[in-house]
Each structure stands twice: as C-alpha cells, then as structure tokens.
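Q: Got a minute to go through this one with me? I'd like to start with the helices and then look at what's packed inside.

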Amino acid sequence: MNSNIQFSGTPKEQAHQLLELLKDKHLDIDALKTLLPANVEVIREFITCMKEDMAANAASYNRVIGILESSLKNLEDIIKDGEVSEEEKKRCHEEIVRIHQHVCDIQLAHEKNLLDFWAHISKYVFLLLAVIVVIASGGKVKLPKK
C-alpha cells in the first residue's frame, strides 16, 4: 500500500513526511522499513518534529482544560450563596451539558488522534533506534558471538 511513497525535499520536509506516514493506521511495517531515511539529519529533524507535535497536542489539551475550568468556576459562582433559583438551575444545566460535551470531545479526539498514533509509534521507535544504530556503526553491526 505504501510501497510507492518516497520522501523528498529538505531533511525537515522529509521528517514531516515521515511523521505523517507514522500517523497512518494502515501503514505496512515492511514498507516502512524500505522508506526509512538513512540520513542522520532527517532523523534529527524527525526528533524535533515529534517534539513539536507532542507540544502542540499538549497545548490543545491545555486549552480544553481551560474551558472546563471556566465551566467549573461558573458552577461555583452559581451555587456560592447556597441557593439555586430556577434561572440558576437552567444555567447549571447548561454548564453541565457544556462540560459533558467537552469531555466527550476530548475522549473522541484522544482516541482518534493519540491512542492510535502512540500505539503504532511504539513499534516504529524500536525500528528507528535500529536504523540509528546501523547509521552510527557505519552500516556494520557486529553481533556478540555465542
């Protein structure tokens, strides 16, 4: 399926292409082995690219947490006097529905974007480490004798 893919461009562009490829749930592991760049600069850029992607995911998560905290603050404000009028009940209901929707959205996004990605990426980390070892050894890996 992915056997026709080739990385092109600068090392940074190739690193971004590799990251996007790794996010593909249907990636053929054998095809990945043939696609991995044997270029230290691309691997360096890939590491940077992964760190940036993780930071972006964390920033997105923090924004959603801020929204949830705002809803909780609104609820606290509504009940702070110990009484809840009919209008305040409606506002409480709206805030709780808002929280529910955001929690559902977080779970869906997490399942869609992160769980699959990180489940697959663990396989590729070991593969990348193997490539780095081969590159660092000049293409000659000596196995210990028994």
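A: Sure, let's start with helix 3. Helix 3 has 40 residues and spans 59 Å from first C-alpha to last, close to the 58 Å expected at 1.5 Å a residue. That expected span is 1.5 Å times one less than the number of residues, and helices are DSSP runs of H or I, at least four residues, numbered from the N terminus.

A: Before going on: this is a predicted model, where local features need pLDDT of at least 70, side-chain atom pairs count only at pLDDT 80 or more, and totals for chains, interfaces and linings use all residues. Residues are numbered from 1 along each chain as its sequence is written, and side-chain values use heavy atoms, with hydrogens and water left out.

Q: OK, which residues are buried in helix 3?

A: V42, I43, F46, C49, M50, D53, L68, S71, L75 and I78. Buried means under 20% relative accessible area, with a 1.4 Å probe and protein chains only.

Q: And what makes up the largest nonpolar core?

A: Nine residues: F7, A15, L18, L19, L21, L22, F46, C49 and M50. Such a core is a set of buried Ala, Val, Leu, Ile, Met, Phe, Trp, Tyr and Cys residues joined through side-chain atoms within 4.5 Å.

Q: Which helix gives the most to this core?

A: Helix 1, with five residues.

Q: What is C49 in contact with, leaving aside neighbours within four places in sequence?

A: A15, H16 and L19, where contact means heavy atoms within 4.5 Å.

Q: Switching topic: why does E95 count as buried?

A: Because its relative accessibility is 12%. E95 is in helix 4, and beyond neighbours within four places in sequence it is in contact with S71, N74 and L75.

How values were computed: Buried < 20%, exposed > 50% of the residue type's maximum accessible area, 1.4 Å probe, protein only. Helix = DSSP H or I, 4+ residues; strand = E, 2+ residues; numbered from the N terminus.
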